[in-house]
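Visitor: Please take a close look at one part of this model for me and explain each term as it comes up. I should like to understand the side chains there and how they meet.

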Amino acid sequence: MPNLAAQVMADRVARDAAKAQFEGHYQAFKADLADRGVGGRIADEAMEQAQAVFDEAVAVVEEHPAAVGNLGRYRDLVCA
């Protein structure tokens, strides 16, 4: 029985340590969320993705200018 009591106490200590660590992370997350907000985070992510797409498009144009230069002829077919 004494071994069981010691195990319970050790488990409680481990649980309390894990809970304290979680609470620390949770409070930091809440503070960061209060500073930026969900809308700000979504807007930041959308801007980052749009910039990445634009950068990739510029790289393709710089690498294959002749292929992109002919798009003017096909624009009328696609937009019609």
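Guide: Let us begin with exposure: a residue is called buried under 20% relative accessible area, exposed over 50%, and partly exposed in between, with a 1.4 Å probe and only protein chains taken into account. By that rule, aspartate 44 is partly exposed, because its relative accessible area is 35%. Of the 80 residues in the protein, 0% are buried.

This is a predicted model, in which local features need pLDDT of at least 70 and side-chain atom pairs count only at pLDDT 80 or more, while totals for chains, interfaces and linings use all residues. Residues are numbered from 1 along each chain as its sequence is written, and side-chain values use heavy atoms, with hydrogens and water left out. The pLDDT is the predictor's confidence in each residue, on a scale from 0 to 100. Its mean for the protein is 84, and 82% of the residues reach 70 or more.

The secondary structure consists of three helices and zero strands, in the order α-α-α along the sequence. Helices (H or I, at least four residues) and strands (E, at least two) are DSSP runs, numbered from the N terminus. Confidence is highest in H1, at a mean of 91, and lowest in helix H3 (residues 71–79), at 52. Where pLDDT is low, the predicted coordinates should not be read in detail.

The close look therefore falls on helix H1, which spans residues 2–63 and includes tyrosine 26. The structure holds one aromatic pair. The ring centres of phenylalanine 22 and tyrosine 26 are 5.9 Å apart and the planes meet at 10°, so this pair is stacked. Rings of Phe, Tyr and Trp (its six-membered ring) pair if their centres lie within 6.5 Å; planes under 30 degrees apart count as stacked, over 60 as edge-to-face, and the rest as tilted. Phenylalanine 22 and tyrosine 26 are four residues apart in helix H1, which means that about one helical turn separates them. Tyrosine 26 is partly exposed, with 38% relative accessibility.

Phe22 and Tyr26 also join Phe29 in a nonpolar surface patch, with about 330 Å² of accessible area together. Patches are made of residues with over 30% relative accessible area and no salt bridge; like charges are joined within 9 Å, and nonpolar side chains (Val, Leu, Ile, Met, Phe, Trp, Tyr) within 5 Å. Such areas come from the Shrake-Rupley method with a 1.4 Å probe, and for residues only the protein chains shown count as cover.

Glutamine 7 also lies in helix H1. Its side chain makes a polar contact of 2.8 Å with the side chain of aspartate 11. A polar contact is a pair of N or O atoms within 3.5 Å; within protein, one must be able to donate a hydrogen and the other to accept it, and residues adjacent in sequence count only if both atoms are side-chain atoms. Glutamine 7 is partly exposed, at 42%.

We turn lastly to charged pairs. A salt bridge is a side-chain nitrogen of Lys or Arg within 4 Å of a carboxyl oxygen of Asp or Glu, and the count comes to three. Arginine 15 and aspartate 16 have their closest N and O atoms 3.1 Å apart. For aspartate 32 and arginine 41, the distance is 2.3 Å; aspartate 32 is partly exposed at 33%, and arginine 41 likewise at 26%. Arginine 36 bridges to aspartate 44 at 2.8 Å, and arginine 36 is partly exposed at 40%.
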